[in-house]
Every structure is written in structure tokens, then in C-alpha cells.
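Trainee: I would like to go through the labels used for this model and see what each of them rests on. Could we set each value against its definition?

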Amino acid sequence: MKTNLKVLLVIPCFNEEAVVLSLFKEIRKTVFPSGIVVDALFINDCSTDGTRKVLLENKIPFIDLPVNLGIGGAVQTGYKYAWRHGYDVAVQMDGDGQHPPAELHKLLELIASGEADVAIGSRYLTGEGFQSSSLRRTGIGYFKWLNRQLVGVTVCDSTSGYRALNRQALQLVASYYPDEYPEPEAIVLYAMNGLKVREAPVVMRERQGGTSSIRAHKTVYYMFKVSLGIIFLYIRLKFNGKRYLL
Amino acid sequence: MENVISYRLQIIAIVTALCFMFFIFRLIARGKLREEYSFIWITCTALLLLFSFWRNGLEIIAHLLGIYYAPSLIFLGAIFAIVIFLVHLSVVNSRQHQQIKDLAQEMAILKKKLEDENQK
């Protein structure tokens, strides 16, 4: 394992005032393997509640977006920051407390050993912890199938927002990252650019506050939008020879 | 009598087209309309003017295309042009969306850098 690893935790949050402080404290308390330096960076995506106040008062490092960009734009801001500030690894982590910092080392191990350029934390590999609703699992099964058909990569938990990227992947996402509901689409982006995508079993919790970006009444729109995004991204990368990797 | 009404209509059409053209040119001159978007409008006004002078033009073209009722050619052409222009606007919109996102991110990162330096 590489001895020195500078890691940036990118935590997008929108109206998460109830969770940010406890999450930050938890990250601080978590003991990481020696040589791994972990910085946390919250991305406040124009929250309308007291998220910004909580971040300011507790001196939590954060980036304040001037306009609401949605999850994709918020996460990309963090990735750009990590890329420019020379971090070896950037880890996306949800701001609602679903992703326990204690599980982070599992993702980092995959990256550090060179096994993966992108490591995705999956709650389905072992079936432990919070598993989400059956409807959600059906949708995720569909994306798993779609991704396998198109790029031959099997990702069991394609909507998981708990993922670690090495520098090669960071360079890619700094130049292009999907906007809305980016997770399943990003997998196609990584695979088509020749990055190794691997999953690590991670135990997740139920969200501790806030609401999912995937709302029940928007499910149909979500499935449609993401399918379209995946298919067109595939076509664009496959037939135009257009690579976002510079 | 028929001719008089017809000429009156023609004059109205020419004046309207000229007014429209003047309006477009004024917008460009004042910098309120970018040249790249004004292109389609100039073409439109040019067509309007052409057909206000060339009174039998519509009939002749419709006949060439095998359209029996000439005015339906106007609707066909107009709707087609509108759809194309709407698609063009969507493309412009998408590009601006991307640019706004990049700007917002740049600004946020700079703001963070500034705050970090102030704290030192």
C-alpha cells in the first residue's frame, strides 16, 4: 500500500443542517491507516436552511456555490478543487450521513493497490446494513444490466454516491461530469475512458436527515433521464471518438 | 375594386416588412441582439419583403411544388422555420447552462481560496 495518500472528502450538501456537524465530527474522530491524510470539504449547494450557518459557526471547511447547481455540479466543484490542489484521491460522500467514514478505508485500499481507478462503495455486495426499498433496487438492477450491456462493467450499486477517484479519474471528471443524477452515467464515462471501476462492499446507513435527490414521484423522469444520459454518452464516446480525457 | 384592395394590402405588407427590418437593425446597432442570432431574422424580413413585392411569387412556387392551396405553403414554411429556430434556441440554452455552471464553480473555488488566504 502506498504510504502517503492525500485524500479529499467531497461532501455535497443541500439543506442538511441537521447532519453536517455530526458528520464532520465523525470524520474527525475516524482513525485512518497511517500515511493517509484526510481533509473534508463540504459543498454547500445554495441550501435554503441553516446549513451555511452551521458550517460557518463550526469552522467546517466548505465551498459555497453562488447558484444551485444540483448534485452533479456540486460534486464536480469538489473534484475540480481536489484536482487543482494535488490530492491523490477524492472521495464523494453524501451529506446526509448514509455513508459511514469508518468504511472509507475499503475504498482507499482498492485505489492504493492500483486495482481500481474508481472505487464504488456498494451496499449490495454483502447485503449488510441499509438496503433501500425494493422499487429502488429494481431500478438499480436495470442500470446494472444497462451498464453491462453497453460497457461490460458490472456495478451492483450504480446509484451509490460513495466513491473514490484517483488522479487519472479526477482529471477526467474535472473536464466533464454529468449534471443531474450523475452516478449511473458517470460509470459509463469512466469505463469508456479506460478507467478501472471496482466495487467494495460497504455498510450503509439510512439517511439521517434531508431527502434523497431521487424522489418517488420523479422516478419515471429519473429512469428516463438517466437511460437517455447513459445511451447518449455511450454513443458520443463510441462513435464520435470524442474523449473527455485530455 | 379588387385591384385597389390588393394594392392597399401590398403597401401594408411592404411597410410592415420594412418596419420589422428597421426594428431588427436597430436592435443589432444597439448591441441588444447578437449578429449570430440576427441572421435568421434578417433572412425572414428579406423573404417578407420579397413576397410583398413579388405578388405572384407565392402562387408560382406553390404551383412548382404541387401545392394546390398556395397559402398553406406559408404555414408549412413558417412552422418549419419556427421549429428549427426553437431547436437552435435549445442548443444555445444548453451551452449557456454549461457556461454558467463552469463560472459558478470557478467563482466558488476562488471564493474559497480568498477566504483561506484571509484567515492566514
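Trainee: What makes the crossing of H7(A) and H8(A) right-handed?

Mentor: In this predicted model, the crossing of H7(A) and H8(A) is right-handed, a word used if the near helix is turned clockwise from the far one by less than a right angle, whereas anticlockwise would make it left-handed. Helices here are DSSP runs (H or I, at least four residues; strands are E, at least two), numbered from the N terminus.

Trainee: Why are H7(A) and H8(A) called roughly parallel to each other?

Mentor: The axes of H7 (residues 183-192) and H8 (residues 219-239) of chain A cross at roughly 15° and come within 8 Å, the axes being lines fitted to C-alpha atoms over the stretch in contact, with angles from 0 to 180 degrees between N-to-C directions. Angles under 35 degrees count as roughly parallel, over 145 as roughly antiparallel, 65 to 115 as roughly perpendicular and the rest as oblique, and H7(A) and H8(A) are therefore roughly parallel.

Trainee: Which residues in H7(A) and H8(A) meet?

Mentor: With contact defined by C-beta atoms, placed from the backbone, within 7 Å, the residues in H7(A) include Val188(A) and Leu189(A), and those in H8(A) include Ile230(A) and Leu233(A). The residues of this contact divide into 9 nonpolar, 1 polar and 1 charged, where Ala, Val, Leu, Ile, Met, Phe, Trp, Tyr, Cys and Pro count as nonpolar, Asp, Glu, Lys and Arg as charged, and the others, Gly among them, as polar.

Trainee: Why are H3(A) and H4(B) called oblique?

Mentor: H3 (residues 70-84) of chain A and H4 (residues 71-119) of chain B pack at about 50°, with their axes 10 Å apart, and this angle therefore makes them oblique to each other. Their crossing is right-handed, and the contact has 3 nonpolar, 4 polar and 2 charged residues.

Trainee: What makes chain A as compact as a globular protein of its length?

Mentor: Its radius of gyration, taken over C-alpha atoms, is 17 Å, close to the 18 Å that the globule rule gives for 246 residues, so the description holds; the rule is 2.2 Å times the number of residues to the power 0.38.

Trainee: How is the model scored, and how are its residues selected and numbered?

Mentor: The model scores ipTM 0.83 and pTM 0.82. Local features need pLDDT (the predictor's confidence in each residue, from 0 to 100) of at least 70, and side-chain atom pairs count only at 80 or more, while totals for chains, interfaces and linings use all residues. Residues are numbered from 1 along each chain as its sequence is written, with chains lettered from A and ligands numbered from 1 in the order in which they are written.

Note on methods. Contact = placed C-beta atoms within 7 Å.
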